[in-house]
Structures are given as C-alpha cells and as structure tokens.
Amino acid sequence: MKDQNKLKLTFHGGTGSVTGANFLLEGEGKRILVDCGLFQGGDFAEDQNKKPFPYDPASIDILFITHAHLDHIGRIPKLVKEGFKGVIYSTPATMEITEISLVDSMGVLAKEAKRKGIEPLYDREDVKRTMALWKSIKYKEQIDISDNLKAVFKDAGHILGSAIIEFKHNGRKVVFTGDLGNSPAPLLRDTEVVKDADFMVIESVYGDRNHEAVEERTQRLRDAIESTINKGGALLIPAFSIERTQVLLYEINNLVEGGKIPKVPVFLDSPLAIKVTKVYQDRIQNFNKGVKDEIAGGDDIFKFPLLEFTEHHQESINIADTPNPKIIIAGSGMSNGGRIIHHEKRHLPDPNSTLLIVGYQAAGSLGRKLVDGAKEVDIMGQRVQVRAQVINLTGYSAHKDSDGLIEFVDDSAETLKKVFVVMGEQKSALFLVQRLRDYVGVNAIAPKLGESFEL
Ligand SMILES: [Zn+2]
C-alpha cells in the first residue's frame, strides 16, 4: 500500500447483482474481508462460485459477516477449504443460523455436484473447520483490529442477528450496511441510525422501488387467506426460512388468536425454517419491545391451533391428504427448489388456490416467472398450467425500499465522501446512485467487479 493512512477497498462480488457479497478491505498491515457469499440464480452464478478466489485465502486475517443469508455466507467453507485460517466475526445469532444454513445447503450442493459429475463446493468437514474459526461478538462491542483500526456491529434490523459493520480508522468511519431491514419490522428492532460515515458500502436490492405501506400488508395477507378459504383452495406461501417465515407465523398467530380468520390447518413445511424458528424462540432479546411485551404477557408467538411443523419427508407428503382449505408455508423463497415446488405442481392448476409471493424474486427464478404472470411453467420437467391466483405482497420485504435507503444515507450526508452502491441488479443500483446524487447530494457510484478504491 502506498499511503499507510489510507485503506484500500476492492469489490470482489455483489456488483451488478444482488448476490455474492465479498469485499476486501486492506490497511494497517491487515487484509480483511466483509462477507463471503454465494452467487445465486442460474448457471452463470454456479460457475462463478466454482472459480478460485481472486486473492489468496491464506493471506486473509479476518472475515467479518454481516448476516446469515447464503448470498453473504455461502462461500465461507470454500474459503476455509482453500486456505483461510484467520478469525471470523459475527453476532451470536448470525453464527448460530449460519451453521444451520451451511449444513442445510450441503444437501443441495451434493445433489448438484452428482448431477454434473463434479466435486461439491464444500463438505461437512469444511463446515466444521469453518465454525471452529468463528467468534461471536455482541452488538456495540468493540473489536480492536489494530491501534488505529476498530470495528463494531450495529443492528441492521434485516434478519435475526443482522449487522451493519462500522470500521473506524484514523478518525474516519467506513460503513458496510450488509442488508438493511424494512423498519418498523414486526419482530425485530429498527435499523440503528449511522451518523458521520465517511465512506459507505450500501445494498440496493430495492434501490429503484418503494414498498406498499406496512398497514396494508397485514390486511392483504388477511384478505388472501380469507378469499382462499372461501373458495376452498390451498394458500401456498414460498417463504425464505430466515425471518420471513417467522414473521408470517407471527402475523398468522395474531390473526388466528384475534379471531380475524377462521382456523384452518397451517403447515410449516421446511426442515430449515423449523430449525431457524427454534433459534428465534431462543433469542427473544433481539426482538422489538412490542413483541417482547407480548411474549412476557404469555403469548407463544410461533404457536397457534392447527399449526403443524412437518419436518420429515413423509409428513410433507402427507400434507396432500389434508383436505382444503389449508395454508402451506415452504421453501425455497424463490421457488428454485425445496418442498414448495411439489405443492406448486399440485395446486397451481387449481383456480381456487392462491400463490402468495412475499419476498424478492431474482431474475430467472420460477418465482419471478410466476410474479411476471406466466400462464404455464416448467416444474421438475413437467409443464404446469397456472390457474391459481398469484398475489405479490411487497410489504413483507425484509429490505429497505428506495426511500428508506435514501433516508439511511441522509443521516451521514454532511460527512460522506463516497457511497458505493452494491447488492442490487444493475438497474436498481444505478437508479439509487442517481437518486443519492440528486436528493442527498453525495458522491455515489456503482463499482464494477474487481474495482479498487483508496479510502
Ligand atoms: Zn440478506
């Protein structure tokens, strides 16, 4: 490094795409990574994941993890397999959910490897070695990297354990937002305010769009459940296992216990989501005050009449024997695989059934095709007619929308020297770049893959 007072930041992933977060920060004689995520969506992404890292994993001292979504953690075991021996820092909940997610994803990786006749990205031994390097750090606890370089986690409010990472170096602040929550969220605390940032690396999943109002989403969920029950159909909800599923359980819990919807069988048909829900039950200290009060008042927020957790394969198959109406929550969240596609194959041709989309659907995914109005789709090699109603509820997004992102940056408007917009599709990132320049008056750019900057 030329100037010892400066840090060098290189973008090794998460540019021009929502996935593959991987940022290298160098300075003070240290090489630090922030996130090491999987590229997701299509064959191109799969090829990207197999490529060697553009740096020597053995040369990295520290890996910071913002949160436990696969596009932020999915390549860590590969990093370890290829020589990384440093320390990994995250919040305790992120550490716990990461281990569950990595073990769960091995099944998918092994299947894919077998199909293509290649070696899986990593195996259980690599996950074990990964977890041995992990050290959990609480929010607000300072990590001393060197005399002049410190780091701290702040609550991002995105999923349980999610963090914004603030690095302080020679009186300047460099902020990695990770993914930012759609506050106020039903379960989690609001995103912490960040002031006085000099440099910011910010996500832009919804950089070009705003969500519907928070109040409307519960009403629309209630309407979708009621109309499907009245028609005698099945309500399918493809849901991400972390956060979205728990939010849905919490909301349906309130609707059922408040007598606002009739009692019908509700299945949580995802082994991963069931395991993650248990982590949520154990970590209520991370919830917002309103929810903590409800729990203190005696409500088990993830439990209500006729709710069934179907962990085992046979239990999942047996769901078909339960007559309609019923509600099925299953992964994967973008219908790329998982148990939801079996339910979709069965119920999408039924005009009385409903598919309720509650999260971001990546380009190329089955979920995206359904949201875009496809009348016929391919599921497990079979043409399936789509006659069910498809409803898109954007209010349940776990990400800030365009206005929310602008507000977040605006809190540091006075001090910001540069904002790097990442983790969004090209169109979304560029739209946010333009809005940040126009409305906040900051120097914003969308960096390219492999590009470096002196901070
Ligand atoms: Zn995320």
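Two strands count as a pair if DSSP finds at least two bridges between them. With that in hand, a good place to start in this predicted model is a small hairpin. Strand 17 (residues 376-379) and strand 18 (residues 382-385) run antiparallel and are joined by 4 bridges. Within the pair, Asp378 has Arg383 of strand 18 as its bridge partner. The hairpin leaves 2 residues between the strands, and Met380 takes a positive phi near 50° there.

Close by in the sequence sits Lys369, which belongs to helix 12 (residues 366-371). Setting aside neighbours within four places in sequence, Lys369 is in contact with Ala374 and Val377. Is Lys369 buried, exposed or something in between? It counts as partly exposed, because 17 C-beta neighbours lie inside 10 Å, and a residue needs 20 or more to be called buried. Looking further along the chain, Met334 is 35 residues away from Lys369, and the C-alpha atoms of the two are separated by 9.9 Å.

Now for the whole chain. It has 14 helices and 22 strands. Its radius of gyration is 22 Å, close to the 23 Å that the globule rule gives for 455 residues, so the chain is as compact as a globular protein of that length. Put in a box along the principal axes, the C-alpha atoms fill roughly 70 × 50 × 40 Å. Of the 455 residues, 46% count as buried. What about contacts between residues that sit far apart in sequence? Among contacts with a separation of 6 or more, 74% are between residues 24 or more positions apart.

The domain assignment splits the chain in two: domain 1 covers 8-209 + 398-454, and domain 2 covers 214-396. Taken over C-alpha atoms, the centres of domain 1 and domain 2 are 28 Å apart. Each side brings residues to the contact, with 24 from domain 1 and 24 from domain 2. Which element gives the largest share of the domain 1 side? That is helix 4 (residues 92-116), with 6 residues. Sorted by class, the side of domain 1 that touches domain 2 has 14 nonpolar, 6 polar and 4 charged residues.

Next comes an open sheet. Its 7 strands follow the order 6-5-4-3-2-1-22, and the pairing is mixed. Strand 6 (134-136) and strand 22 (452-454) are the edge strands, each pairing on one side only. On average, neighbouring strands of this sheet are turned by 20° against each other, direction ignored. As background, strands of a sheet pair through backbone hydrogen bonds, either parallel or antiparallel. Here, strand 5 (residues 87-90) and strand 6 run parallel, joined by 3 bridges. One spot to look at is Ser90, which stands opposite Ser136 in strand 6.

Ser90 turns up again around Ile65, a residue in the loop between strand 4 (62-64) and helix 2 (70-73). Not counting residues up to four places away in sequence, Ile65 touches Asp35, His72, Ile73, Ile88, Tyr89, Ser90 and Thr94. Ile65 counts as buried because it has 28 C-beta neighbours inside 10 Å. Lys418 is 353 residues from Ile65 along the chain, and their C-alpha atoms are separated by 22 Å.

A few backbone details are worth a look too. Two peptide bonds are described here as cis. One runs from Ser183 to Pro184, with omega near -5°, and Pro184 is placed in the loop between strand 10 (172-176) and strand 11 (199-203). Another joins Gly331 and Ser332, with omega about 0°; Ser332 is in the loop between strand 15 (326-330) and helix 11 (340-347).

Positive phi values also show up in residues that are not glycine. Glu243 has a phi near 80° and lies in the loop between strand 12 (234-238) and helix 7 (244-257). Buried or exposed? Glu243 is buried, since 28 other C-beta atoms lie within 10 Å. Met423 has a positive phi of about 55° although it is not a glycine. This residue is found in the loop between strand 20 (418-422) and helix 14 (426-440), and with 30 other C-beta atoms within 10 Å, Met423 is buried.

Notes
Residues numbered from 1 in each chain as written. Predicted model: local features only at pLDDT ≥ 70, side-chain atom pairs only at ≥ 80, totals over all residues. Domains from an automatic or database assignment. Contact = placed C-beta atoms within 7 Å. Nonpolar A, V, L, I, M, F, W, Y, C, P; charged D, E, K, R; others polar. Rg over C-alpha atoms; globule rule 2.2 N^0.38 Å. Buried ≥ 20, exposed ≤ 12 C-beta atoms within 10 Å, placed from the backbone. Axes fitted to C-alpha atoms, helices over the stretch in contact; angles between N-to-C directions.
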